[in-house]
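Me: I would like a close look at one part of this model, its aromatic rings and what surrounds them. Please take it slowly and keep to what the coordinates support.

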Amino acid sequence: MKKTVLFLAILLSFVSVFGLAGCKNGKSDRTTYTIDCTLTGHELTATERVNFYNSTDTALTEIKFNLFGNAFRKDAKYNPISAQYTSRAYPNGLSYGDMDIKKVTSGDTDLRYSVCGEDQNVLSVELMQELFPDERVEMVIEYTLNLANVVARTGYNDHTINLANFYPIVCAYDDAQGFYECLYYANGDPFYSDCADYTVNLTANSEYNVAASGKLISKTENGKTSQSCYQITNARSFALVLSKEFESVTKTVGETEIIYYFYDDKTPDKSMDYAVKSMTLFEEKFGDYPYPTYSVVQTEFIQGGMEFPGLVMISDNLEPEAYGEVIVHETAHQWWQSVVGNNEIEHAFLDEGLAEYSVITFYENYPEYNMTREQLVASSEKTYKVFCTVYDKVHGKVNTVMNRDLGEFTSEYEYVNMAYIKPCIMFDYLRQTVGEETFFKGLKNYYKEYKFKNATPDDLVGVYEKLGADSNGFFDSFFEGKVII
């Protein structure tokens, strides 16, 4: 995500196919989701078929799902919106929403389940027998998502309906912790998921134009409603944005169709130009973009932007000079988070720092924007030093450790400096230390080696060590707050 500061009887060996409407997914070595959903007003009713593939080394007796839709409950323990954004996020007053699980089945059998976790943020489904590695089980989850009137990733507003995190998603599996339960912190992007294949069949008012993570496979009109089928493979999540006001322009880069959806942009070709140029450059610098479509979507959003595989949200509240920069940052996230994933709760700096440094790489390669690498790095250093001074005076000390949990940040100001600004400086120092060729070769290798996987900070370090760079001490000094800038 870009901040405006610089800023989810058992079958074991085979699966029977349910006769649900719409197009269907084939098998793979990944979990697959087929979601049939209907939007009526501000309520989404859905049936989600999850064909879960046990890619772990462990026999499983339960499967856990993150329920991000419950973050907007009235009695939620964690506020999904920080205090500084509350008035902007709820322009019509506080509003609430939730995700109501109706039923979980496998075949003709009802499965036992519970909504649990620290903040009713997890759906735990009990399996009837152990599921061994490389085996599959299919479950059907029936649920309702009630949307809050909130300017956020998930919610409805005057111009758009944002449908991110609109379905139960299998928790990423961590060898140390098992299924990783995400808490919806207000700071940052509280997400951690594995790649899967998606088919989404959406029924909605035919007046809506729909931007989606996946490619449109089919669309049928039925009077006042329409049904659209979207698909994407090897994706970390799936998102939709709907609006009755959307216009769109389309361009092609290589084999990718870029679609820019907007309702309040007097220079849409200029905005599209940022998307085209950044995708062209990042394919050259990092590696090929893997999806057939890329949707850049203007929407109501309290921060600068938000990334999802094949789709990014761009806030309609940005100043004109910042709008293009946010498009570039979010496009970079297609490489750093959508394809090469990471635990954004524990290592937010990993994808945010790379996306922010990719912005610098963009401007230095397109001199027509009159922003040099030297100017941008100097601006980052100045911003970081001001932060250190302010925090030292206010708190008597400043914590400059990058490698920490989202819940440990005391404010968005601190989060932004540790997840965006300082790592951006780190990557430029690394570039100066190892040299131009090794730096960009390292990023290409990192992308190639961890494509569709979840990487850790140590994985990034290892990539540069394999290239002969003595980088472990360098990275550690930044990660743990030892370096003096």
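Which residues do ring pairs link into a cluster?

Reply: In this predicted model, ring pairs join F349, Y357, F427, Y429, F439, F440, Y464, F474, F475, F478 and F479 into a cluster. One of these residues, F440, also has a charged neighbour, since K285 lies over the face of its ring at 4.5 Å from the ring centre. A second arrangement of this kind involves Y208, where the charged end of K244 sits over the ring, 5.3 Å from its centre.

A search of the whole structure gives 47 aromatic pairs. Among them, Y173 and F179 meet edge-to-face, with 5.1 Å from centre to centre and 90° between the planes. Of these two residues, Y173 is partly exposed at a relative accessible area of 22%, whereas F179, with a value of 10%, is buried, the cut-off for buried being under 20%. Y260 and F262, in turn, form a stacked pair, for which the centres are 5.2 Å apart and the planes make an angle of 20°; both of these residues are buried.

Turning from the rings to the backbone, Q337 is a residue other than glycine with a positive phi, near 135°, and its place is in the loop between α3 (320-332) and β24 (341-342). Because its relative accessibility is 7%, Q337 counts as buried. D134, which is likewise not a glycine, has a positive phi of about 70° and lies in the loop between β7 (122-131) and β8 (136-146), but D134 is exposed, with a relative accessible area of 55%.

Terms used. Residues are numbered from 1 along each chain as its sequence is written. This is a predicted model: local features need pLDDT of at least 70, side-chain atom pairs count only at pLDDT 80 or more; totals for chains, interfaces and linings use all residues. Side-chain values use heavy atoms; hydrogens and water are left out. Helices (H or I, at least four residues) and strands (E, at least two) are DSSP runs, numbered from the N terminus. Buried means under 20% relative accessible area, exposed over 50%, partly exposed in between (1.4 Å probe, protein chains only). Rings of Phe, Tyr and Trp (its six-membered ring) pair if their centres lie within 6.5 Å; planes under 30 degrees apart count as stacked, over 60 as edge-to-face and the rest as tilted. A charge sits over a ring if NZ of Lys or CZ of Arg is within 6 Å of the ring centre and within 35 degrees of the ring normal.
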